[in-house]
Amino acid sequence: VIAIRLFTGPMFMKYNARLRQFPAALVAALKGNGFVTTIHAVVSAIIKLSRTWKIPYDRKVYRGLGGMLLPQKFWDEDAFGCRGGVELGIMSTT
């Protein structure tokens, strides 16, 4: 519970910086702290919560990208019929 509460506050910036290795200034400020146990607890909590509530199949989930333009390959299906991208950090959506 503590880990998920920390993630919902300003600590999410540090956790995501660790996972994404970006932005460089924030990663350097972590001084090697990987937050391994806390990130593990956050992921575990997200998995447990996902078992209690399912997103409806027809629900669309949006992620703000702040002025970024996604490349065409993001929208085109690959050989497996998939499209989109991979988020290296813990992604928040609307």
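1. Starting at the surface: W53, I55 and V61 together make a nonpolar patch of about 330 Å². Keep in mind that this is a predicted model.

2. As for where W53 sits, look in the loop between α4 (36-52) and α5 (72-75). With a relative accessible area of 55%, W53 counts as exposed, because the cut-off for that label is over 50%. So the tryptophan that helps make the patch is an exposed loop residue.

3. Now the rings. How many aromatic pairs does a search of the whole structure find? Three turn up, and I'll go through two of them here. One is F7 with F12, an edge-to-face pair at 6.5 Å centre to centre, with 85° between the planes.

4. Are these two phenylalanines buried or exposed? F7 has a relative accessible area of 14% and is buried, since anything under 20% gets that label. F12, at 37%, is partly exposed. So this edge-to-face pair joins a buried ring to a partly exposed one.

5. Another pair is F74 with W75. Their ring centres are 5.0 Å apart and their planes stand at 80°, so this pair is edge-to-face too; the label applies because the angle is over 60 degrees.

6. On accessibility, F74 comes out at 24% and counts as partly exposed. W75, at 48%, is also partly exposed, because exposed would need over 50%.

How values were computed:
Residues are numbered from 1 along each chain as its sequence is written. This is a predicted model: local features need pLDDT of at least 70, side-chain atom pairs count only at pLDDT 80 or more; totals for chains, interfaces and linings use all residues. Side-chain values use heavy atoms; hydrogens and water are left out. Patches are made of residues with over 30% relative accessible area and no salt bridge: like charges are joined within 9 Å, nonpolar side chains (Val, Leu, Ile, Met, Phe, Trp, Tyr) within 5 Å. Accessible areas come from the Shrake-Rupley method with a 1.4 Å probe; for residues, only the protein chains shown count as cover. A salt bridge is a side-chain nitrogen of Lys or Arg within 4 Å of a carboxyl oxygen of Asp or Glu. Helices (H or I, at least four residues) and strands (E, at least two) are DSSP runs, numbered from the N terminus. Buried means under 20% relative accessible area, exposed over 50%, partly exposed in between (1.4 Å probe, protein chains only). Rings of Phe, Tyr and Trp (its six-membered ring) pair if their centres lie within 6.5 Å; planes under 30 degrees apart count as stacked, over 60 as edge-to-face and the rest as tilted.
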